[in-house]
Amino acid sequence: MSRVNPVDAPQAIALAGPTASGKTAGALALAAVIGKRMPVEIISVDSALVYRGMDIGTAKPTAQELACVPHHLIDIRDPLQAYSAAEFVQDATRLIADIRARSALPLLVGGTMLYFKALLDGIDDMPAADPAVRAQLEAQAAEIGWPGMHAELARVDPVTAARLAPGDSQRIQRALEVWQVSGRPLSSFHTIKTIADSASPISAGALFSLEPDNRAWLHERIAQRFDAMLASGFVDEARALRARGDLHADLPSMRCVGYRQVWEELDFQATRPEGTPLNTALLRERGIAATRQLAKRQITWLRGMPQRHTIACDRPTAVADLVHAVLARLDGRTP
């Protein structure tokens, strides 16, 4: 087995891209080809795949796909628990070192761009939760509503407010809490600390991104995948999570795109006469729209990462193009 030159080769390869861009297929193809040179292990960069019992709505890799190559940071949290970008950086950094110690190549794959940015640029330690401040914010929200709280956030931290919906109570509350506790906007914690390229586990030229030339192609893929989720029992999966009794709509897990829309439709159904069927058509429309908005935000994040090497995911040769570009980087050539 020929090995990658240890001097020129990056310590890890990263594959990003918006939802439904083909990251799983691309990662498995890379693992198969690179695996002829050296072992590969995949580190998930996805804030939804960390949750156990959330399989259909997260498009989690199948058991067969997971068996093809070792995967990490999947099914590591109960949906009741939170998982932060700082925790991801700690876990991913440790895993990269462990995988390299096994003479294998870490392949980081996912679409949670804050995780990628934190790993690339670093992230400051943000203040811990303050129950007293949170209680005060909740009382204020009860008076003026979360859109009013969003307006207050726009006054003190316009950068964060611009990326949050006026009804995103959890994130608005956290951003205002950080401001009140530290006197600094939440956005400053995401940008103020910078890691030198030599210190980042993802070196220059090792970040690859699957992005469509034609956005309509991605929209069609999103619709097809959401339809497949519904056909595979997505609603039943969400019902089972609700039936636990300890989960609620404001948890980070239940605010994941798709789950949030199903939860809201189930809430609405519960207010209707017994036996009223779920409005699947409306759920489909809202779920697809929310997923398209997620993809738009992901692409915006990616455009802020100039070091990435883009692959047109809507071309028939996308997987082959990706493999060729990554192999070129591993061989010390420019993709």
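Is G304 buried or exposed? Select G304 and look: this residue is exposed, with a relative accessible area of 57%. G304 sits in the loop between α12 (280-303) and β6. Now add A101 to the selection. The two residues are 203 apart in sequence, and their C-alpha atoms lie 32 Å apart in space.

**Colour by confidence**

Remember that this is a predicted model. The mean pLDDT of the chain is 90, and 93% of its residues reach 70 or more. Then select residues 1-6, where the pLDDT is below 50. Beyond near neighbours in sequence, that stretch has 14 contacts in the model. Go on to residues 194-198. Here too the pLDDT is below 50, with nine contacts in the model beyond near neighbours in sequence.

**The sheet**

Show the strands next. Six of them form an open sheet in the order β3-β2-β4-β1-β5-β6, with parallel pairing. At the edges are β3 (71-72) and β6 (309-312), each of which pairs on one side only. Select α13 as well. This helix packs on the sheet and touches β1, β4, β5 and β6. The direction of α13 makes about 155° with that of β6.

Zoom in on β1 and β5. They pair in the parallel sense over three bridges. Pick A16 to see one pairing up close: its bridge partner in β5 is S209.

**Helix α1**

Select residues 23-34. This is α1, a helix of 12 residues. From first C-alpha to last, α1 reaches 16 Å, close to the 16 Å expected at 1.5 Å a residue. Which residues of α1 are buried? They are K23, G26, A27, A29, L30, A31 and I34. Check the spacing against helix geometry. An α-helix has 3.6 residues a turn, so residues three or four places apart point the same way.

What do the buried residues of α1 pack against? Turn on β1 (13-16), β2 (40-44), β4 (105-109) and β5 (207-211), which are among their partners. Add α13 (318-330), another element they pack against.

**A buried arginine**

Last stop: R255, in the loop between α10 (234-243) and α11 (259-270). R255 has a relative accessible area of 8%, so this residue counts as buried, under the 20% cut-off. Display its side chain together with that of D250. The two side chains make a polar contact at 3.5 Å. Then expand the selection around R255. Leaving out residues up to four places away in sequence, R255 touches G167, D168, S169, Q170, R171, A249, D250 and R260.

Methods
Residues numbered from 1 in each chain as written. Predicted model: local features only at pLDDT ≥ 70, side-chain atom pairs only at ≥ 80, totals over all residues. Heavy atoms only, no water. Helix = DSSP H or I, 4+ residues; strand = E, 2+ residues; numbered from the N terminus. Expected span 1.5 Å × (residues − 1). Buried < 20%, exposed > 50% of the residue type's maximum accessible area, 1.4 Å probe, protein only. Contact = heavy atoms within 4.5 Å. Pairing = 2+ DSSP bridges. Axes fitted to C-alpha atoms, helices over the stretch in contact; angles between N-to-C directions. Polar contact = N/O pair within 3.5 Å; in protein donor to acceptor, adjacent residues only side chain to side chain. pLDDT = per-residue confidence, 0-100.
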